[in-house]
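Got your viewer open and a selection box ready? Follow along, and we'll go from stop to stop.

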Amino acid sequence: MTSETLPPRIDPLDWPELSYRLRLTDGLPTFAPERRVVERLIEGSGLPADHVVGRIPPRGRAATIEAIAANAAMAGCLPEHLPVVVTALEAMLSPPFNLAGVVTTTHPCWPLTIVSGSAVRRLEMETRESLFNGGGARANLAIGRAIRLLLWNLGGSHPREPVQEILGHPGRMAYCIAEEPENTPWEPIHAALGVEAPAGAVTVLACEAPQIVNFWGVATEDDASVGARWLEMIADQMCARGNSNTHTMGEMLVVVTPATARRLAAEGFSRSAVQEFLWQRARRRLGDIRVDAEGRPSLDAAAHYDWWPDWVDQGDAETRVPVTARPEAIHLVVAGADSIPCAAVCPSWGHLGGFAMTRALPSSTMAGGS
């Protein structure tokens with residue numbers, strides 16, 4: 001939905017079928033973007049209706065605040081959600097993110113929006129049970145859905161036209177989570193990434209759907225080093241041979257539950273110490289990563305990956321190759337139910353883009369919605 005196609009009045013009963021006929025939705029029903037609703041959302045953004053955030057690839061239509069509000073209305077957003085949607089979109093349009101590549105690649109990644117800091121409670125976002133499917137919270141799903149509709153309607157990211165994603169990603173429906181703001185031993189992700197954000201922050205990262213890490217078969221919690229053993233299991237999940245990260249590095253997301261984070265902190269692990277531990281252990285033998293037709297390690301110069309840093313010895317089959325070029329590229333979030341300790345790993349697109357971009361929410365949002 002763009003500002004040019006926004007009708008003055010819409011019969012809510014007619015809207016569902018109209019939206020399908022006009023291909024304004026990817027398959028799920030949407031709310032009618034009535035003018036009065038859109039105007040309240042524009043007001044909630046704190047920006048003029050004609051302010052252009054940027055042009056959305058691949059189609060390149062301008063994302064005015066009015067157009068953003070129209071799509072957010074279709075997603076069921078409230079006025080206080082608009083600053084998050086706008087900030088996430090601004091972050092995705094940063095050149096290093098390569099949004100055009102993310103939305104059209106064959107790889108099943110999608111921009112995950114992570115809300116952190118004081119905005120989480122202010123917007124009543126869910127941080128615990130059923131984290132990756134919204135947890136029943138309006139804000140989680142409405143924000144994620146608004147971003148999807150913006151990329152669908154303004155960007156034109158339609159399957160085959162030109163999206164080439166082979167198997168798909170359920171997060172393309174709505175992919176938004178919130179980091180636990182209080183029940184955590186560590187600083188929030190935006191602070192770890194060097195962003196001061198009194199009103200909260202938004203981080204976007206293109207990644208796959210979460211891969212669960214259950215801590216089966218290790219010592220019980222009365223073992224003094226069980227946390228380190230848990231990290232070893234997370235590291236094993238991170239370096240699966242079929243991951244793009246295993247072959248191209250890039251960045252990766254790791255989500256640990258509050259109970260897991262508390263135990264790690266009790267064993268002396270800071271956020272950065274967890275990143276360093278995982279970076280050292282989430283590695284595969286080069287001879288297992290690249291093989292020739294006979295199953296032997298591919299070590300000749302023609303097989304070398306140009307995107308690996310120079311310190312990776314690509315002529316040695318025993319070289320242990322990490323999944324990221326540096327520990328800080330492993331992004332750590334504390335969220336999920338505070339019950340059974342577990343974790344999730346979200347591999348990324350690799351070195352091609354979708355890198356974590358963090359933006360502070362405007363201070364005007366601290367007072368709440370309009």
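## Stop 1: H9 and H12

Keep in mind as you click around that this is a predicted model. Start by selecting residues 226-238, helix H9, together with residues 271-281, helix H12; their axes come within 9 Å and cross at roughly 50 degrees. That angle makes H9 oblique to H12. Look along the pair and you'll find that H9 passes H12 in a right-handed crossing.

Now turn on side chains. From H9, show Ala228, Leu231, Glu232, Ile234, Ala235 and Met238; the residues they meet in H12 are Val274, Phe277, Leu278 and Arg281. Color this contact by class and you get eight nonpolar residues, two charged ones and no polar ones.

## Stop 2: H4 and H7

Next, pick residues 82-92 for helix H4 and residues 138-153 for helix H7. Their axes come within 10 Å, with a crossing of roughly 50 degrees, so H4 is oblique to H7. The handedness here is right-handed.

Which residues of H4 meet H7? Show Val84, Val85, Ala88, Leu89 and Met92 on the H4 side, then Ile143, Ala146, Ile147 and Leu150 on the H7 side. By class, this contact has nine nonpolar residues, with no polar and no charged ones.

## Stop 3: H3, also against H7

Leave H7 selected and add helix H3, residues 65-75. H3 and H7 pack with their axes 8 Å apart, at an angle of about 125 degrees. The two helices are therefore oblique to each other, and their crossing is right-handed.

On H3, the contact is made by Ala67, Ile68, Asn71, Ala72, Met74 and Ala75. Across from them on H7, bring up Ala142, Arg145, Ala146, Leu149, Leu150 and Asn153. The class split for H3 with H7 is nine nonpolar, two polar and one charged. Two names should ring a bell from the last stop: Ala146 and Leu150 of H7 also meet H4.

## Stop 4: A cavity

How many cavities of 30 Å³ or more does the structure hold? There is one, and the largest cavity has about 40 Å³ of space in it. To find it, select the lining residues: Phe132, Asn133, Gly134, Asn140, Leu141, Ala174, Tyr175 and Cys176. Sorted by class, the lining has five nonpolar residues, three polar and no charged. Asn140 and Leu141 from this lining fall within the 138-153 stretch of H7.

## Stop 5: Backbone oddities

For the last stretch, hide the side chains and look at the backbone. Most residues other than glycine have a negative phi, and most peptide bonds are trans. Here are some exceptions to zoom in on.

- **Proline 57 to proline 58:** a cis peptide bond joins the two, with omega about 5 degrees. Proline 58 sits in the loop between strand E1 (52-56) and strand E2 (61-64).
- **Glutamate 161 to proline 162:** this peptide bond is cis too, and omega is near 15 degrees. You'll find proline 162 in strand E5, residues 162-163.
- **Asparagine 98:** here phi is positive, at about 55 degrees, although the residue is not a glycine. Look for asparagine 98 in the loop between H4 and helix H5 (99-104).

Technical notes:
Residues numbered from 1 in each chain as written. Predicted model: local features only at pLDDT ≥ 70, side-chain atom pairs only at ≥ 80, totals over all residues. Heavy atoms only, no water. Axes fitted to C-alpha atoms, helices over the stretch in contact; angles between N-to-C directions. Helix = DSSP H or I, 4+ residues; strand = E, 2+ residues; numbered from the N terminus. Parallel < 35°, antiparallel > 145°, perpendicular 65-115°, else oblique. Left-handed = near helix turned anticlockwise from the far one by under 90°. Contact = heavy atoms within 4.5 Å. Nonpolar A, V, L, I, M, F, W, Y, C, P; charged D, E, K, R; others polar. 1 Å grid on protein atoms, 1.4 Å probe; cavity = no way out; pocket = protein on both sides within 12 Å on 5 of 7 lines; lining within 4 Å. Points joined across faces, edges and corners; volume = space filled by probe spheres on them.
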